Amino acid sequence: MRKKLFALVLVWMLSFGISYVNAAPDRETAGALADIVKYEKQFAGQTSVSKSTANRTLKLLKITKQRLDSSGNKSESFWVDANKRYNALVAYLNQFINPPQVAAPQVANTQKPVATHQSASRQQLEQMISQQRVRVIKLGRDLESNIDSIDTNGVKQFQDPNYVAKYQKLLDRHTQSFNKYAKFAGDPDVEKTRASLSTMNKMMKFGREHAAKELAFLGDVQATLRDIEAQLRMIKVMPVPTEPYGKGVMARWLSSVTKFREENLEIIKSLPEIKQRAYLPFHRSTVQEGGPYDEQDVDRLYNWGAGEAEMAEASIKKLSFDLDQSMQMEAKFASEVERFDPTDDYMQVLHYLSKGTLDNVRINYSNKIGRVNEAIEFARLLKQPSYQSRVDLLKKIKSNLANYETDYKTALKTVRMPDPVTNDSDLKEIANATFANYDYIGEFRNLVVIKDKEHRSKETSTDKYDKIDVSLSNEVTITGTRTTYHYEWDEFSVATAQKDEGKYYIYWTTFKYFTQGASTTPLNKWIISNHSQRSEIPESNLD
């Protein structure tokens, strides 16, 4: 606080004694002026300075003078004013090194001497014994120590009544002690102690007045902080939307998350000022344990609210990124769909006529349209540049759906049974006889051979490890049994038309006849190794 009082003096001097209208001080002048201000503060209010201190300061001021003289702006008003202050400071210190000699009064011996204020002060000084001087000096040191402590602690602690009472008690005691030496007015040590006592008085007065203003502004800080924490716990945000997006979900979520962010920032906006102005000393006990809020709690609440606001902002960015990725995939698929050929056998199975495909495609397109609609609304609300491209994408997807319905009808109209690779009656007879051995094969028609009979073979092995040894040289030895199986078989495939839930579908079936195999392999008889459903086929397309 004392630094603040000295700063006020400097501001007053700068306001009324120095006028920097024409230009700002250059670096050299500003540095020299900083030194001058420092020493002015050091000796402010002192009527006595030791000779050694004055000499030491004058030596240091020579460096200041060199800095001042190195300026190239000696004609500027700021340099002239700084130089005047330098000369005044040097003159002030010189008086303590070479005190002026007072000439003896020239009066006749018969004339009675006139008692002056100076001779009276010297008489009082002579009456002050060394023990009293020691006590005055110690009192001054105690005052300076208290002043330094108040200055270090800062003005906020005056909001604590116990703190004020402590230092007021010390001030009262110092005042009572000083009054014993008031009769020695004019003594340098007494006047120095008087100045310190006056400084402490001013600091106490300023501290109490400042604290009263701060408390009037802040109100019940503890109640305010409790309310802030309660509000932070109370506000909730709508979860981030996930697919499939319901209609209007983006607008509702953006409204919720934006409000959540703004509410958090609004709740915590007073915390920086509270931290700056309120006295909130550290406490070991937490708020949850019943302790009062301290500065760490203010930081905790601020970080909480700011963190929630940042998370809300991040969730918007994350969803925006996800939607961008999703729209890119939708655009890519929309372009690929245009290359589908409903008359191609493979694409008929893959994209059109497999069981349930039509229903699934319609559901998928409905989800796509809903997804893109919500992405459009998201971009519109946030005024994103992707808005128009998403509108165009929606039109393309709707067009693709209409085209798909047409292509589905084309595929259904053009689908046919595969052409036979052979009309071998023996293979057909084998297929019919083998089908009869399987209960899950129902009625079928239009049997055609789509893969002629061929002979095939293969070998497989299985290893069973009994022991693993690792030598000192890290060589690994594995012992066990390897079983090898040799398979030999004939196979061919047919296509048939079979009903499933009232509709005909093309089925592909592979038959195999094993002559060699594993212990579980059925040998020397025809078996079905694969039976899979392919495309739907209208009965009118069957021969």
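**Exercise 1.** Locate Asp-419 in the chain, state whether this residue is buried or exposed, and name the charged patch to which Asp-419 belongs.

*Solution.* Step 1: Asp-419 sits in the loop that links helix 15 (387-414) to helix 16 (425-435). Helices here are DSSP runs of H or I with at least four residues, strands are runs of E with at least two, and both are numbered from the N terminus. The model is predicted: local features need pLDDT of at least 70, side-chain atom pairs count only at pLDDT 80 or more, and totals for chains, interfaces and linings use all residues. Residues are numbered from 1 along each chain as its sequence is written, and side-chain values use heavy atoms, without hydrogens and water.

Step 2: Asp-419 is exposed because its relative accessibility is 67% (buried is under 20% relative accessible area, exposed over 50%, partly exposed in between; 1.4 Å probe, protein chains only).

Step 3: Asp-419 forms a negative surface patch with Asp-341, Asp-344 and Asp-345. Such patches take residues with over 30% relative accessible area and no salt bridge, like charges being joined within 9 Å and nonpolar side chains (Val, Leu, Ile, Met, Phe, Trp, Tyr) within 5 Å. A salt bridge is a side-chain nitrogen of Lys or Arg within 4 Å of a carboxyl oxygen of Asp or Glu.

**Exercise 2.** For Lys-383 and Asn-446, give phi, then the setting of each residue.

*Solution.* Step 1: phi is near 55° for Lys-383, a positive value in a non-glycine residue; for Asn-446 phi is also near 55°.

Step 2: Lys-383 lies in the loop between helix 14 (357-381) and helix 15, and is exposed at 73% relative accessibility. Asn-446 belongs to strand 1 (residues 444-470) and is buried, at 19%.

Conventions. Areas by Shrake-Rupley, 256 points an atom, 1.4 Å probe, with all protein chains shown as cover. Lys, Arg positive; Asp, Glu negative; His and termini not counted. Charge placed at Lys NZ, Arg CZ, Asp CG, Glu CD.
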